[in-house]
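Trainee: Got a minute to go through this one with me? I'd like to start with the pockets.
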Amino acid sequence: MIKRIKLPLYLATAILSVLLAGMGKTPVFSQTKTDKSSPKKDKEGFVSIFDGKTLNGWEGDASYWRVENGSLIGEIIPDKPLKTNSFIIWRGGKPEDFELKGQFRITKSGNSGINYRSEQLPQIPFALKGYQADIDGNNHYTGQNYEERARTTLAYRGQKTTINPLEHPSANLSDDVENNAWKGLHVTDSIGTAASLKNVVKSEDWNEIRLVIRGNHLQHYINGVLISDVTDNDTANRKMSGLLGMQVHVGPPMKVEYRNLRLKGL
């Protein structure tokens, strides 16, 4: 008869961690404590996904991301240039239908964005492929819908668009992109001129961003104003769930800050 030995929980956990490490599966984060309670919702039903103090729940390259003065900061400095776009990725889930609220501030030379319903590319460190609410310091593109590493522009600022399947799609997505925009982009309405919507964004100051993502309907708001509106009917290429992350973009030295990030399922 084999005598069964009951191990203490802490010892069993330690042994399991060693076994997983040997299989190449290491924990994503080192949490300081375990909280099994449900996240606290505010009066509008939102849950904070960034505590303003630590990177708990997030994963990114520490050479470019840190927490400072209550903000999630992405920064490129001269002695640490960036070779490929890099994201800090929220590991709390893969949101489907949701509303995201937060604030951002970016330097004049900055280029960033919030990716959602995205997938992580294994061959490139901290790279995401998917929808992006664009943010740039020169304020040419802030608020537009750009699909990173995929169909590129799905709606410019001030556009309401429908993305339909292509009748004869190419083998490579890049072959169906023209002038950095997807060939299946159809403008159905205007929600303001590019010039008027540019004035909605405050340069090198804090701005409110709100994403309302429900089914195949994707809406980006800046400071309470709808900037772009996409209905994605392209079933072959669209995504209905995925990762959420913030970007630092290849280019000159820059700094972007995010704070008060809150998420609500729809």
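**Pockets, cavity and core**

Mentor: Sure: the second largest pocket has a volume of about 260 Å³. This is a predicted model, where local features need pLDDT of at least 70 and side-chain atom pairs count only at pLDDT 80 or more, while totals for chains, interfaces and linings use all residues. Residues are numbered from 1 along each chain as its sequence is written, and side-chain values use heavy atoms, with hydrogens and water left out.

Trainee: Which residues lie nearest the centre of the second largest pocket?

Mentor: Asn111, Asp134, Tyr141, Gln144 and His249, out of 20 lining residues. Two elements, β8 (127–136) and β9 (145–148), each give two or more residues to that lining, and β8 gives the most, with three.

Trainee: What's the lining of the second largest pocket like by class?

Mentor: It has 13 polar, four charged and three nonpolar residues. Here Ala, Val, Leu, Ile, Met, Phe, Trp, Tyr, Cys and Pro count as nonpolar, Asp, Glu, Lys and Arg as charged, and the others, Gly among them, as polar.

Trainee: How many cavities of 30 Å³ or more does the search find?

Mentor: One, across the whole structure, and about 50 Å³ of space lies in it. On a 1 Å grid over the protein atoms alone, a cavity is a set of points where a 1.4 Å probe fits but cannot get out, whereas a pocket is an open set with protein on both sides within 12 Å along at least five of seven lines; lining residues have an atom within 4 Å of a point. Volume is the space filled by probe spheres set on the points, which are joined across faces, edges and corners.

Trainee: And what lines the largest cavity?

Mentor: Among them are Phe104, Ile106, Asp136, Lys202, Glu204 and Asp205. The lining divides into four charged, four polar and three nonpolar residues.

Trainee: Switching topic: which residues have the most contacts inside the largest nonpolar core?

Mentor: Trp58, Ile114 and Tyr258, in a core of 42 residues. Strand β19 (residues 254–265) supplies the largest share of this core, five residues. A nonpolar core is a set of buried (under 20% relative accessible area, 1.4 Å probe, protein chains only) Ala, Val, Leu, Ile, Met, Phe, Trp, Tyr and Cys residues joined through side-chain atoms within 4.5 Å.

Trainee: What is Tyr258 in contact with?

Mentor: Leaving aside neighbours within four places in sequence, its contacts (heavy atoms within 4.5 Å) include Phe50, Leu72, Phe104, Ile114, Ile135 and Met246.

Trainee: Where does pLDDT stay under 50?

Mentor: Over residues 1–35. The chain averages a pLDDT (the predictor's confidence in each residue, from 0 to 100) of 89.

Notes. Helices (H or I, at least four residues) and strands (E, at least two) are DSSP runs, numbered from the N terminus. Buried means under 20% relative accessible area, exposed over 50%, partly exposed in between (1.4 Å probe, protein chains only).
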